[in-house]
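Q: I have this model loaded and would like to talk it through with you. Let's start with one helix.

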Amino acid sequence: MRTFFNMPVGILTFLCISFSLNSLQAQELRVEPPNWWYGMQETKLQLLVQGDNIGSSSVEIIDHQKLGVQLVEQHQADSPNYLFIDLDLSKVKKAGAIELRFNGKGAQFPKSVDYVISDRNQDPASLIGFNSSDLVYLITPDRFSNGDTSNDIIPEMRENKIGSEEGERHGGDIQGIINHLDYLKDLGVTTIWPNPLLENDMPKYSYHGYAITDYYKVDRRFGDLKLYRQLADELRARDMKLIFDGIVNHCGLYHWWMSDLPFEDWVHYSAEKHEGTNHKRSTHWDPYASKLDHEVMQKGWFVGTMPDLNQRNPYFANYLIQNSIWWIETLGLSGIRQDTYPYPYPEFLSAWTCRIMDEYPNFNIVGEEWSYNPLLVSYWQAGKVEDLGSCLGSVMDFPNQQNLLNALTEEGDYWNSSFVKLYEGLANDFVYSDPQKLMIFMDNHDMDRVYTYLGQSSVHVKMALTYIATMRGIPQMFYGTEVLADHTGLGHQHGVIRYNFPGGFPGDKSSAKENKGLTADQADMLQYTKSLFNWRKNNPIIHTGKLMHFAPKGNTLDYYVYFRYTAEKKIMVVLNKGEAITLDLSAYKEVLNGHRAYRKALNDEDWSIAPSSITIPKGASIFEFK
């Protein structure tokens, strides 16, 4: 600083003019990733540079600060407006900036841009992934809370209005999530999973975030990168975690590169002539599947506004892997939920997951394989298929979700309905490499709300909540479940399911956060959810204890008993759909094994000597034994 301010005026003026020219030239170039870090496990970095005729130029590195960045190679693309640059950062030991200077023919050259290499934002070992000790709270940001009305409308964006229709933007944003963090922590939430917050500059129906038009830019209607970082920091300050909703299978039709693709094979097919995917994910391992069906599954567009990405292009594969690393390092994430997991190429998914886990050994990634067959879901989990080489820690337990809802809605039948399906379904855990890492849930942003599905029965919702709170795995709850979110009679469209969170928007007559204007049933469910998950948070036996369940009994098989246990403590859970029953505790001596002190959980009851039998009312009951 002293040297700078003591410079002669002429030199200072020259430097200021040079900096201004460099800034103007830099605005003509897009460089991604926009910055990087030294000290990473992988010391190679590949930059995508986009600008008019940049492909015809040669690049040199001006290392003014002697960082030690090495230029390895540069690659031309099919389009003359792209250049890919390979850098080696293995010798870099300090933060700083290098100058990338592009020399070529024409008046537009040379061009120059500064590229920053930073210190690591945190020790990678300190990024602890979401796990079975957590409650994951899924949020659709546009429908959760409008904390900043000034960003509701961005005039230059393609969809520049706020509406009330199910497919329109409603105005929720990052600030709205920040405003509710204390509410969520008090609820027992330890981790939030917002649907994608990146730019979706599409003409309509992109409030959900899955049609990305810039992989390095926060959608301005949600906020900006500074606010996204603030959200991550605010969560850490509360000892809470953040999951990033990733999409490597497709982008939005109006993504900036769609008007000028780097390579002809950057995406599968074209906007004018494309085929939709057949969704036949089983073709990955079906020994009888045709090559045609397998190809259509992987190359077909998910929908007509979402081009399918070709991860077999090595430059694109690097781009997507580095993008995920960039967001993890920038925000200090605790996990990624990867959308439409089986649709990209399996070899890419293995490279992507393993690169992340090599860099962040305590991280976690959950993949969405929406199948009710556990054989199909388990295929992707790390350690299951050796040849696949997957490093995916967690998968979403759709089979268990279906069995849970069936158990709560179907009549009892000895062979194939009611709690028998739930009981038999858990027996399939042997197909998973690590069942404890499965993400379990009642519903999500693509499904009917659990209260609606269960016929507006708060008793059944409490049983479902209790199940995901006490079963093996990582529980995930969709926002609003705690106040009985409901769309009965309003349809089943995604935009209806993802309803406005009460109290999150100007003019709302009720508020979950303030606990006002709620019906008696809503207020009761809110309190039950809070008691249940705060109790869970403080009971490690639920996080890591063993599981034992007993075959459903009774004339109609209306109740189900299971235990989470260690040598020191046992927790008994009873789900009862029928009338009150009397349980003989001697039937469970195999697990209770002399544990005589007991109490009913959630009610702060004192310990007492367990009777020989206990009465179980309709609904969910939890007992602790020691």
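Q: Which residues of α10 are buried?

A: They are Phe-398, Pro-399, Asn-400, Gln-401, Asn-403, Leu-404, Leu-405, Asn-406, Ala-407 and Leu-408. Buried means under 20% relative accessible area, exposed means over 50%, and partly exposed is in between, with a 1.4 Å probe and protein chains only. The names α and β follow DSSP runs numbered from the N terminus: helices are H or I with at least four residues, strands are E with at least two.

Q: And what sort of model is this, and how is it numbered?

A: It is a predicted model, where local features need pLDDT of at least 70 and side-chain atom pairs count only at pLDDT 80 or more, while totals for chains, interfaces and linings use all residues. Residues are numbered from 1 along each chain as its sequence is written, and side-chain values use heavy atoms, leaving out hydrogens and water.

Q: Back to α10, then. Why call it largely enclosed?

A: Ten of its twelve residues are buried, so α10 is largely enclosed by the rest of the structure.

Q: What do those buried residues pack against?

A: They pack against α9 (374–378), α11 (419–426), β17 (439–441), α12 (450–453) and α13 (458–470). Contact here means heavy atoms within 4.5 Å.

Q: How far does α10 reach from its first C-alpha to its last?

A: It covers residues 398–409 and reaches 17 Å, close to the 16 Å expected at 1.5 Å a residue. The expected span is 1.5 Å times one less than the number of residues.

Q: What happens at the start of α10?

A: A side-chain oxygen of Asp-397 comes to within 3.1 Å of the backbone nitrogen of Asn-400. For a polar contact, a pair of N or O atoms must be within 3.5 Å; within protein, one must be able to donate a hydrogen and the other to accept it, and residues adjacent in sequence count only if both atoms are side-chain atoms.

Q: Switching to sheets: what is the strand order in the open one?

A: The six strands run β19-β20-β21-β26-β23-β24, with antiparallel pairing. β19 (546–553) and β24 (608–609) are the edge strands with a single partner each, so one side of each has no neighbour in the sheet. Two strands pair if DSSP finds at least two bridges between them.

Q: How many bridges hold β19 and β20 together?

A: Six, in the antiparallel sense, with β20 covering residues 559–565. His-549 is opposite Tyr-562 in β20.

Q: Which strands does α11 lie across?

A: α11 lies across β19, β20 and β21 (570–576), at about 145° to β19. α13 packs on the sheet too, touching β20, β21 and β26 (619–625), and its direction makes about 35° with that of β26. The axes are lines fitted to C-alpha atoms, for helices over the stretch in contact, and angles run from 0 to 180 degrees between N-to-C directions.

Q: What about β9, which way do its side chains point?

A: Val-136 and Leu-138 point one way and Tyr-137 and Ile-139 the other, and all are buried. In a regular strand, side chains alternate between the two faces of the sheet.

Q: Which partners does β9 have?

A: β9 runs parallel to β10 (residues 191–194), joined by four bridges, and parallel to β18 (residues 474–478), joined by three. Ile-139 has Pro-194 as its bridge partner in β10, and Val-136 has Gln-476 in β18.

Q: Now charges. How many salt bridges are there?

A: The search of the whole structure finds 33. A salt bridge is a side-chain nitrogen of Lys or Arg within 4 Å of a carboxyl oxygen of Asp or Glu.

Q: Which parts of the chain does the Arg-30 and Asp-214 pair link?

A: It links distant parts: Arg-30 is in β1 (residues 30–32) and Asp-214 in β12 (residues 214–218), 184 residues apart. Their closest N and O atoms are 3.4 Å apart. Arg-30 is partly exposed at 26%, whereas Asp-214 is buried at 9%.

Q: And Arg-337, is it buried or exposed?

A: Arg-337 is buried, at 0% relative accessibility. Its salt bridge partner is Asp-339, with the closest N and O atoms 3.0 Å apart, and Asp-339 is buried at 7%.

Q: Which residues are linked in a network of salt bridges?

A: Arg-120, Glu-329, Arg-355 and Glu-359 are linked that way.
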